[in-house]
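This briefing is meant to be read with the sequence and the coordinates side by side. Please look over both before turning to the points below.

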Amino acid sequence: PDGCQLGWLGADIEVTANSTWLGDNPAAEELFNQLDIPMSDIARATGEYQQSGRSQADVEAIAAGWIANNRNLVDGWVAAAIRAG
């Protein structure tokens with residue numbers, strides 16, 4: 001508050017897509033709009049990745065584990081995308 005830097009904001013991850021493509025794919029646009037992964041989960045996944053063999057299979061396993069642990073949230077995102085499509 002008095003000019004002292006107390007820390008940094010967490011990294012912000014945003015989806016980038018071609019606007020014409022998004023116009024042709026409203027379900028994808030809505031899915032991208034729905035995505036909201038807590039930074040603590042991203043940090044945890046990053047740690048898991050750094051401790052892994054760093055292969056594509058490791059990335060997919062980490063992502064699959066997160067999805068399995070957040071099934072209701074992901075299902076809500078997918079349902080919204082389906083309605084938009």
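What follows is a short account of the fold, the pocket, the aromatic pairs and a few single residues.

The model is a predicted one, and the values given here are computed from it. The protein contains five helices and zero strands, so that its order along the sequence reads α-α-α-α-α. Of its 85 residues, 12% count as buried, and the area exposed by the protein comes to about 6,600 Å², of which carbon and sulfur atoms supply 54%. Among the contacts in the protein with a separation of 6 or more, 60% are accounted for by residues 24 or more positions apart.

**The largest pocket**

- The largest pocket holds about 570 Å³ of space, and of the 20 residues that line it, Ile 13, Ile 37, Ile 42, Ala 45 and Trp 66 are the closest to its centre.
- Two elements, α3 (39–51) and α4 (56–69), give two or more residues to the lining of this pocket, and α3 gives the most, with six residues.
- Sorted by class, the lining of the largest pocket is made up of 15 nonpolar, one polar and four charged residues.

**Aromatic pairs**

- The count of aromatic pairs comes to two, and one of them is formed by Trp 21 and Phe 32, which are stacked at 6.4 Å centre to centre with 25° between the planes.
- This pair links distant parts of the chain, since Trp 21 belongs to helix α1 (residues 19–24) and Phe 32 to helix α2, 11 residues apart.
- Trp 21 is partly exposed, with a relative accessible area of 39%, and Phe 32 likewise counts as partly exposed, at 28% relative accessibility.
- Trp 66 and Trp 77 also form a pair, and because their ring centres are 6.0 Å apart and their planes lie at 20°, this pair is stacked.
- Here too the pair links distant parts of the chain, with Trp 66 in helix α4 and Trp 77 in helix α5 (residues 71–84), 11 residues apart.
- Trp 66 counts as buried because its relative accessibility is 16%, and Trp 77 is buried as well, with a relative accessible area of 6%.

**Leu 31 and its contacts**

- Leu 31 is part of helix α2 (residues 26–34), and its relative accessibility of 27% places it among the residues that count as partly exposed.
- Once its neighbours within four places in sequence are left aside, Leu 31 is in contact with Trp 77, Val 78 and Ala 81.
- For one of these partners, Val 78, the C-alpha atom is separated from that of Leu 31 by 6.5 Å, although the two residues are 47 residues apart along the chain.

**Asp 41 and its contacts**

- Asp 41 has its place in helix α3, and it counts as buried because its relative accessibility is 14%, where the cut-off for buried is under 20%.
- Leaving aside its neighbours within four places in sequence, Asp 41 is in contact with Trp 66 and Asn 70.

**A backbone point at Arg 54**

- Most residues other than glycine have a negative phi.
- Arg 54, although it is not a glycine, has a positive phi of about 60°, and it lies in the loop between α3 and α4.
- With a relative accessible area of 47%, Arg 54 is partly exposed, as the range for that class ends at 50%.

Definitions and conventions. Residues are numbered from 1 along each chain as its sequence is written. This is a predicted model: local features need pLDDT of at least 70, side-chain atom pairs count only at pLDDT 80 or more; totals for chains, interfaces and linings use all residues. Side-chain values use heavy atoms; hydrogens and water are left out. Helices (H or I, at least four residues) and strands (E, at least two) are DSSP runs, numbered from the N terminus. Buried means under 20% relative accessible area, exposed over 50%, partly exposed in between (1.4 Å probe, protein chains only). Contact means heavy atoms within 4.5 Å. On a 1 Å grid over the protein atoms alone, a cavity is a set of points where a 1.4 Å probe fits but cannot get out, and a pocket is an open set with protein on both sides within 12 Å along at least five of seven lines; lining residues have an atom within 4 Å of a point. Grid points are joined across faces, edges and corners, and a volume is the space filled by probe spheres set on the points. Ala, Val, Leu, Ile, Met, Phe, Trp, Tyr, Cys and Pro count as nonpolar, Asp, Glu, Lys and Arg as charged, and the others, Gly among them, as polar. Accessible areas come from the Shrake-Rupley method with a 1.4 Å probe; for residues, only the protein chains shown count as cover. Rings of Phe, Tyr and Trp (its six-membered ring) pair if their centres lie within 6.5 Å; planes under 30 degrees apart count as stacked, over 60 as edge-to-face and the rest as tilted.
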